[in-house]
Amino acid sequence: MSQALNELSRSTGTLFVVAAGNSGLIPQKVVTPGSADDALTVAAVDGNGDMAEFSNRGPRVGDGAAKPDIAAPGVGIVAARAAGTAMGAPVDEYYTASDGTSMATPHVAGAAAIIAQQHPKFSGEQIKALLMDTADDLGHDLYAQGTGQVDLATATDPRIVTRGNLNFGRATYPHSPTTKKITYSNRGDRATTLHLALSAAFADGRPAASGLFTLSTDKVVVPAGGSAEVAVTLDGGVLGSDGAFGGYSGLLSARDDSGAIRLSSSVHTFVEAQKFPLTMKVVPPAGATDVRYGSATFMPVDDKIHLHPGLLDVVPGAETVTEQLFRGTYAPQITVSWRNADGEWQQAQPIAPEVPLTRATTVTLDLRKAKPLRVQYPERTETYSASASASRVSATGAWVKSTTLQADYKAGEPNWWVLPTGKISMGAFTHDFYSARTTPVVTLRATGGGAPISLSARYVTPNTSLDETQMWLRANGDPSFREAAIPVPRLPVKGHLPVKGHLPVVYAGRGSAAELADVDARGKLVLLTPSDICAGVCDFAKLRDERVAAAAAAGAVGVLVSAPDLTSLGRPSELDQCPDGPQSCPPVQTYGALPVVSVPYTEAGDLIERLTSDRSKVKIDLGGSDVPNVYVARYHDEGRIRPDDYRVEKGDLDQVDLFFHAARPGVVHQLSWMQHLRATPITSQVSMPQPSTQQRMSVFVKRQDDAISRFTASWADLGADSFLEHNRQEVNDLVLTGKDEVHYNAGPAVPGAIPQTRTESGFSVAAGPCSGCRQGDTFYPTVYLTGSGTGGRQAVMGIEDSELISNSFTEVPACGPAPSVTLPNLDFTCDVKLLNASGDEVERRTEHLPDFDYTLQ
């Protein structure tokens, strides 16, 4: 848009007057089209000549050019009001008052129109120069006010008019003197002597080095009816090799002897430092094939915030990437993926967090030295959820580069790798890895016809059910939700098999009706390779309604699914929108007529080969458990990524047994763990498998010093048609002792206070508003509903009409005298009475919480 504005300005001579924008005090906020060279970009001041807080500041991103150009009143401006509108503060039917740079801009546009009328032959460039040169300097920063507040009286009757552009642009290295000229034209009938002075400063406000800008003269006589030129020379060579490189801005002022004539011309340049090539070379792991590269980033991490244009050079990645960069310190990073010898996809995001660049430099990211980012435990586990994030912050905090990998339960492992780094000496660098792993809920082992084959089998989820939400709009337009659980069918485990210890298996190709008719599937497992509907993620509707349904009709007891690069079996829709209220919602979906299990394609190939040879000998031994063991861990590195084998032994673990009590069958539909460390405020919620209620699940936590574990669970009864009823939630904070228990729903919820959990050193974490707070003469009756089992917080009383904001305070819902209209199945209704010492009830007063700030101190 800025380029288009420049082209139109230069081809038509038109002047475009543009608002600077209203993002406030943050520098470098003037953006397109106000950032265009030829735009006259307007800042806002108030009636006292003070800068408006909302008015955008410069300099321009990229080259540090001075923007905005000029200022005008933009606070409390009364303007015409369009019929039926309510912008600003309406004054009456015809006018409204408002603030903004868009209210300041018409003042300047009107001034420009008057100048154009007065001087019809002036180009847009000349009008802009005249308005800027005659502006009233209010004494604010050049990047806030430009040359000052528009002064139409002076602009319409100038004795001296300037012409010329003192924007030197980018001065490239090596530097040599460059000269520009400015012309002063005298419209009067007598000669005028002008006294010239040029003041310039670096982008941080420091005065420019002596000799960077020089004038050909400090005094010039402009003859009556004539003109005089003054040369301005830029010489970046005075900065040497270690000077202050970046943007410089200033003003060339011209004053006559009486002071009646005051002219100001803006001066700008960007002096570049020396550049060197920085090469990032990636060495793929041994045996890697199909190597692919994501974007490569070269982020500056030094303190030269006025030299670098920001998060530098996000460029297409390759095995070798070279960029010409200014002398400084950088953190090159790239994303790499490849296939290993087994054809499985792998991924890494290697970074060299601190590379000094003072000459041609090559940094090698050798993935042969990378470590697998997978926690290893004493027993076999699978990834349920995981996240890995790296954050590099520059020395001043001006630049931040963060990368994140996230994974949930899939048909295979995420296969991440991490490259250890050296320790940094400037800025900050953190790496955090969160992992929740589960023991298999299903295991398959093929026997007969050769050596046993262990199959890495997985359901779509180890959870007992999948969630489904139905949504509709109430009469007032607000949404309501109804939640349901879709049971996931499971294979019979050992001891519950129709054939002692194992099941027979047959292979039926893609699972068409014709292929199933060619095999005897009754009482057997059926292996399918439906590559036509399973490319990465299966087309679930076709898998369920065609292939699995056909296998069930043929008498099969379960379906094994395999396809190249299969990541998920798919699932029913998570959200159903009901256009005409709850009565229009469709029935809750089903997962399928049979248990469905995924099997890796290479393992399925071995099994198919054996079945093709002699399928009568091949049997499948089934194992697993209804409720898995869960292992959770977090790793936090500061200043570097340490080499770690991510191996956890039994003695490194704390055990927490979670008991889910219930009088009726139900489901746990949300379960998470979070670990707070004294060493860092950074933390993240880790999802864990969700069992049925009336069960116990053991969670093993990697031990950390000075840590608090937070377990959050939501559970509900299963009602008619699989809808959830009596939905409850509870949050428990624990300092782990080696073996602990958390009992959910062990008894009725009761009002109570929540004691703050502290480690031996005194470390604690915020847990929402305190229970019963007195501040001055006011008592705030925020009382919790607590669980009878462990005393965790379930809901908060004393916050009204706040289903949304109470969770931001407490991580639990609000509890009031009326049921929730948004989530009708929430099982919390309650009320609070306050009594004084005489037993009389104290009248309650509701205090509105501001919309813009929900923080409780």
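Strand β9 pairs with strand β13 (residues 227–234) in the antiparallel sense, and 8 bridges hold the record of that pairing in this predicted model. Within it, T178 of β9 has L234 as its bridge partner in β13. β9 also pairs with strand β7 (residues 160–163), again in the antiparallel sense, here over 4 bridges, and the residue to look for in that pairing is I160, whose bridge partner in β9 is N186. Pairings of this kind rest on backbone hydrogen bonds between strands, which may run parallel or antiparallel.

The segment that leads into β9 deserves a look of its own. P174 lies in the loop between β8 and β9 (178–186), and the peptide bond that joins Y173 and P174 is cis, with omega at about -5°. On the other side of that loop, β8 belongs to an open sheet of 5 strands, in which the order is β8-β15-β14-β10-β12 and the pairing is mixed. β8 (167–171) and β12 (219–222) stand at the edges of this sheet, and each has a single partner strand, so one side of each is left without a neighbour in the sheet. From one strand to the next, the twist averages 25°. The partner of β8 is strand β15 (residues 262–271), to which β8 is joined by 3 bridges, with the two strands running parallel; one residue pair that marks this contact is R170 with its bridge partner F270 in β15.

A further open sheet has 3 strands in the order β19-β16-β23, also with mixed pairing. Here the edges are taken by β19 (320–326) and β23 (361–366), and because each of them has a single partner strand, one side of each is left without a neighbour in the sheet. Neighbouring strands of this sheet are turned against each other by 20° on average, if direction is ignored. Strand β16 (residues 275–283) is joined to β19 by 7 bridges, and these two strands run antiparallel. Along this pairing, L278 stands opposite E323 in β19.

With these sheets located, the view can widen to the whole chain. The protein chain contains 9 helices and 54 strands, and its C-alpha atoms fill a box of roughly 115 × 80 × 60 Å when the box is taken along the principal axes. Of its 857 residues, 49% count as buried. Among contacts between residues at least 6 apart in sequence, 71% join residues that are at least 24 apart. The chain exposes about 39,000 Å², and carbon and sulfur atoms supply 50% of that area. As for its charges, the mean position of the 73 positive ones and that of the 94 negative ones are 6 Å apart.

Several loops hold backbone features that are worth locating one by one. In the loop between β1 (17–19) and β2 (40–45) lies P33, which is joined to T32 by a cis peptide bond with omega at about 5°. Two other residues have a positive phi without being glycine: for D565 the angle is near 55°, and for Y646 the value is about 50°. D565 is found in the loop between β37 (558–561) and β38 (575–577), whereas Y646 has its place in the loop between β41 (630–638) and β42 (653–660). Their surroundings can be set side by side through relative accessible area: D565, at 40%, is partly exposed, while Y646, at 2%, is buried, since the cut-off for that class is under 20%.

The last stop is Q756, which lies in the loop between β49 (750–752) and β50 (773–775). Its relative accessibility is 45%, and Q756 therefore counts as partly exposed, the class that lies between the 20% and 50% limits. Leaving aside the neighbours within four places in sequence, Q756 is in contact with S764 and V765. D733 stands 23 residues away from Q756 along the chain, and the C-alpha atoms of these two residues are separated by 8.6 Å.

Definitions and conventions: Residues numbered from 1 in each chain as written. Predicted model: local features only at pLDDT ≥ 70, side-chain atom pairs only at ≥ 80, totals over all residues. Heavy atoms only, no water. Buried < 20%, exposed > 50% of the residue type's maximum accessible area, 1.4 Å probe, protein only. Contact = heavy atoms within 4.5 Å. Areas by Shrake-Rupley, 256 points an atom, 1.4 Å probe, with all protein chains shown as cover. Lys, Arg positive; Asp, Glu negative; His and termini not counted. Charge placed at Lys NZ, Arg CZ, Asp CG, Glu CD. Pairing = 2+ DSSP bridges. Axes fitted to C-alpha atoms, helices over the stretch in contact; angles between N-to-C directions.
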